Amino acid sequence: MGRRNHGRERTRRTIDFLAGDGLLGSMKTYPVYLNGGFVTTDSGIPVVNPATAEPFARMSTVPRAAVAQAIGDGHEAFARWRQTTGQARGEYLQQIAAGLERRRDEVARLITMENGKPLAQSAAEVAMSVDHLHWFAEEARRTYGRTIPHQVAGKRHLVVKTPMGVAGAISPWNFPLVLAVRKVAPALAAGCTVVLKPASATPLSAVAFAECAHAAGLPKGVFQLVAGKAADIAQEFLDNPRCRKITFTGSTEVGRGLIAGAAAGVKPLSLELGGHSPVLVFDDADFERAIEGAMIAKFRNTGQSCIAANRIYVQRGIYDRFVAAFVGRVKSLKVGNGLEPGVEIGAVINQEGLEKALEHLRDARAKGAELRCGGGRWGNGPGWFLEPAVLTGVPDHALGMGEETFAPVAYVNPFETEAEAVQRANHTNYGLAAYVFTRDLSRAFRLMESLEAGMIGLNDAVPTATQAPFGGVKQSGWGRELGAEGIDAFLDTKHVSLAI
Ligand code: NAP
């Protein structure tokens, strides 16, 4: 916690210095979106490009009182929004999707500027957001209840689904657009209204989303965007009885705080939290597929994905061959400013993220791990780049074997038996994703059942699909996004008992 704050302090000092020089004055200020109107405020936070470590825009912020007002306006809008048909709500979502699609290149660029990820990956994020909007537009018409055979004569029983009310949504910086859409789209489809608070580091793609919602003619108060001090906004979500649901994606540490804060008001929470995903590569795996899979699972999004491979375990028979091939591939990764063509590894989000990765590298080496490639700062500029690194022989007590490194750093270790692989894979408090590379069908089924994770990639490095539930077990969270489950998170289930 201390380290995290230290990093933020440092960034803040840089910003204050620039602000003092008036350098921020000339930058575009992005607005919040309140009750159908875009509002630019005097109190802004700078948005910094990780590739240059320089601010390039400001985001307007609002105090807690404005969040209370937004919840009140959202509550008022809810009375009308819930009366619209699922089909009508779906049509609005389709319009938002069409708007995002039209602005695909511009929004992808914005994501790369605020987050640092390679442009092609930002474009894929926009495409996935559009796909989520299409799915939930259709799901809006499928919030089925059911009828139940009666227990006593003269009664009938119905199960009815109704929207919960105003939802407070908090999203992280690592997939700034798609993880916000994963909350907003199902909530709107269900008939809820939403107040979204994006991560302070990456609020601009959320503004673009708000612009698309506005252009789609979404009624005022149905979707609102706020920014400001996270703890204050979250406290208003927690304390305000008109906010009926909180949906959060971010660290387990903050999620734990929300669970504690939700106790007083018994506020329903959906939590998508941290992960520490293992990759298990067996002797019988399709070797090339396993190498490619491990590369994607580890290095996609510059290693800053919640389902990133944090620990790679390779069976002894192919271990040396795997390490040689994997290191060869990692050395060939193109690092650089995400806006440049062909870049595969962008900058990590901030100084704090870079320092954490460097500390994990130092710690692992001090505890006996061998550095096979990379691991230093990349480039001569001030951007927060790290040379993609591979460490082998990493002891279980190394920091990175327990905490998310959230950077392009791979830890590769050997194992002997399937039982050992499962035991080591499950030896974590997290349970978001797990990956298995094997051609043995029986083994695949055994592992599908024994691995403690909400998502299992069997010979598949990207176990995410719009129509399938996404989420974790253990300390990786509560509930699921996407799939049919995604919309259910915003619906109350009512039993109606009818005497006839
Ligand atoms: P974070 O520090 O927990 O921040 C996430 C969001 O919570 C941001 O909007 C942040 O606002 C806000 N926040 C910060 N302090 C808060 C508080 N006291 N109360 C309420 N909200 C607060 O996480 P992050 O560093 O942005 O994201 C990385 C983490 O998210 C990793 O652990 C990753 O594994 C996890 N993640 C999980 C999933 C999943 O689906 N399970 C997906 C992606 C990421 P500010 O930005 O203003 O501080």
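A residue is counted as near the ligand when one of its heavy atoms lies within 4 Å of it. In the predicted model examined here, 28 residues surround the ligand, and those that come nearest are Ser 171, Ser 200, Ser 251, Leu 273 and Glu 404. By class, this shell comprises 15 nonpolar, eight polar and five charged residues. Among the secondary-structure elements, helix α1 (2–20), helix α8 (230–239) and strand β11 (243–249) each contribute at least two residues to the shell. Both domain 1 (2–273 + 477–495) and domain 2 (277–465) give residues to the shell, and the ligand therefore lies between the two domains.

Polar atoms of the ligand are approached by both side-chain and backbone atoms of the protein. In the side chain of Trp 173, an N or O atom is 2.9 Å from an oxygen atom of the ligand. For the side chain of Lys 197, the corresponding separation between an N or O atom and a ligand oxygen is 3.1 Å. Leu 273, one of the residues that come nearest to the ligand, places a backbone N or O atom 2.7 Å from a ligand nitrogen. The ligand taken alone exposes 910 Å², of which the protein buries 88%.

Salt bridges were also examined. Side chains of opposite charge can pair when their charged atoms come close. With a cut-off of 4 Å between a side-chain nitrogen of Lys or Arg and a carboxyl oxygen of Asp or Glu, the count comes to 22 salt bridges. One of these joins Asp 239 to Arg 64, with the closest N and O atoms 3.0 Å apart. Because Asp 239 belongs to helix α8 and Arg 64 to helix α2 (residues 64–81), this pair ties together parts that are 175 residues apart in sequence.

On the surface, Leu 441, Phe 445, Met 448 and Leu 458 make a nonpolar patch of about 380 Å². Helix α14 (residues 441–450) supplies the largest share of this patch, namely three residues, and Phe 445 is found in that helix.

Terms used
Residues numbered from 1 in each chain as written. Predicted model: local features only at pLDDT ≥ 70, side-chain atom pairs only at ≥ 80, totals over all residues. Heavy atoms only, no water. Polar contact = N/O pair within 3.5 Å; in protein donor to acceptor, adjacent residues only side chain to side chain. Areas by Shrake-Rupley, 256 points an atom, 1.4 Å probe, with all protein chains shown as cover. Helix = DSSP H or I, 4+ residues; strand = E, 2+ residues; numbered from the N terminus. Nonpolar A, V, L, I, M, F, W, Y, C, P; charged D, E, K, R; others polar. Domains from an automatic or database assignment. Patch = residues over 30% accessible without salt bridge, like charges linked within 9 Å, V, L, I, M, F, W, Y side chains within 5 Å.
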